[in-house]
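Thanks for coming. I have one structure to go through today, so please have a look at it before I start.

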Amino acid sequence: MDKNELKSPGSELVTPEEIYLSRRTVLHGLGFLGAQTLLSRAHAEKYLVQDPERPITKEELATGYNNFYEFSLDKKEVKEIASRWKRPAKWKIKISGLVKKPMEIDLESFLKTVTLEERVYRFRCVEAWSMVLPWTGFPLAKLVEHAEPLAGAKYVKFLTHVDDKQMPNIKKMGYYPWPYTEGLTLAEAKHPLSFLATGIYKKPLPNQNGAPIRLVVPWKYGFKSIKSIDAIEFTSEQPKSLWESLASEEYGFYANVNPDVSHPRWSQARETRIDGSFFPKKIATLKFNGYEKEVQSLYQGLDLKKNY
Ligand code: MTE
């Protein structure tokens, strides 16, 4: 079996016992135990990357080297500024557009209705660096189901919370079309790999990683994984992301990881593994970031070379 493949349930290779057994601790840590049901072990294991070339990234690297433009363009500065962000006491997510009934979801209450699970996903930034991250959360499909999209809904648009008093870069870069916006097709949103994360490293998401809830779409470049989501809209038209509005030829709607299609300014064939070393290792980028088998059926008939 290709060493980059996800392990199937019951596989002989290292059971992530520690991850599984500590799930209770995680959920306690996240304050979500109670109404929560724990996911079956076999199901959860399906989504854990086990690849000697891609070990789990050290926590201090993943939480100290961030892209969150609302706070700063300096990856190492984001943590410090974002940690001062006082989020609204009750986090709401507005659901609008082509749904049976527009609504506002209270995140804390909604989390009591879902099963939290842990997923270890490859994470590949368009800037050609990568990490492997242990997320806690639930499938995006659960929220889509709850929203009850109408037949005309073909896309899902996501928006990041805006607070220009506490997110200093929003004013500094007033020429950016804030809020940070991203989109998926409805089929992509319903795919079992599409994930809404509320935790990382068995702890609640820190602000710099997109607290309290962010998207994780592991087969796409990292900019699609929008942080701190407070609004979701179901649309019939393809939504335009912030990056697409700024430079559509560099940051397209699909943005599927593809080593064969270069970014207009650099090759995407290889990626720098963020491992904290002075000379970090460069490794080959995998098509769809290693999730080709799982997601290729979503793109039948689409010219992936044209759909950067
Ligand atoms: N979401 C918001 N709201 N603002 C951002 O600047 N950056 C994106 C994505 N989501 C970004 C965002 C990019 S470019 C990447 S690579 C990832 O978040 C980085 O996530 P991380 O900091 O948790 O590694």
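I'll begin with one lysine. The side chain of Lys220 reaches the backbone oxygen of Tyr254, at a distance of 2.7 Å. One thing to say straight away is that this is a predicted model.

Where does Lys220 sit in the chain? Lys220 is in the loop that runs between strand 9, residues 214-216, and strand 10. Is Lys220 buried or exposed? Its relative accessible area is 1%, and buried means under 20%, so Lys220 counts as buried. Besides the backbone oxygen of Tyr254, there is a second polar partner: the side chains of Lys220 and Tyr299 are joined by a polar contact of 3.4 Å. If we leave out neighbours within four places in sequence, the residues in contact with Lys220 include Arg124, Leu184, Glu188 and Val257.

Now the chain as a whole. It has eleven helices and twelve strands. Of its 308 residues, 55% are buried. Among contacts with a separation of 6 or more, 73% are between residues 24 or more positions apart. The accessible surface is about 14,000 Å², and carbon and sulfur atoms account for 54% of that.

Next, a sheet. Five strands form an open sheet in the order 2-1-10-5-6, and the pairing is mixed. Strand 2, residues 103-106, and strand 6, residues 181-185, are the edges, each pairing on one side only. On average, neighbouring strands here are turned by 20° against each other, ignoring direction. Helix 7, residues 140-147, packs on this sheet and touches strands 1, 2, 5, 6 and 10. The direction of helix 7 makes about 140° with that of strand 2.

Strand 10, which follows the loop of Lys220, pairs with strand 1 in the parallel sense, over four bridges. One bridge is between Lys94 and Ala231 of strand 10.

Last, the ligand. Which residues come nearest to it? There are 16 residues around the ligand, and the nearest are Tyr69, Glu70, Thr160, Arg214 and Lys227. An N or O atom in the side chain of Thr160 is 2.9 Å from a ligand nitrogen. Ser225 has a backbone N or O atom 2.9 Å from a nitrogen atom of the ligand. At Asn67, a polar backbone atom is 3.3 Å from a ligand oxygen. On its own the ligand has 530 Å² of accessible area, and the protein covers 99% of it.

That's what I have; questions are welcome.

Terms used: Residues are numbered from 1 along each chain as its sequence is written. This is a predicted model: local features need pLDDT of at least 70, side-chain atom pairs count only at pLDDT 80 or more; totals for chains, interfaces and linings use all residues. Side-chain values use heavy atoms; hydrogens and water are left out. Two strands pair if DSSP finds at least two bridges between them. Helices (H or I, at least four residues) and strands (E, at least two) are DSSP runs, numbered from the N terminus. Axes are lines fitted to C-alpha atoms, for helices over the stretch in contact, and angles run from 0 to 180 degrees between N-to-C directions. Contact means heavy atoms within 4.5 Å. A residue is near a molecule or strand if one of its heavy atoms lies within 4 Å of it. A polar contact is a pair of N or O atoms within 3.5 Å; within protein, one must be able to donate a hydrogen and the other to accept it, and residues adjacent in sequence count only if both atoms are side-chain atoms. Accessible areas come from the Shrake-Rupley method with a 1.4 Å probe; for residues, only the protein chains shown count as cover. Buried means under 20% relative accessible area, exposed over 50%, partly exposed in between (1.4 Å probe, protein chains only).
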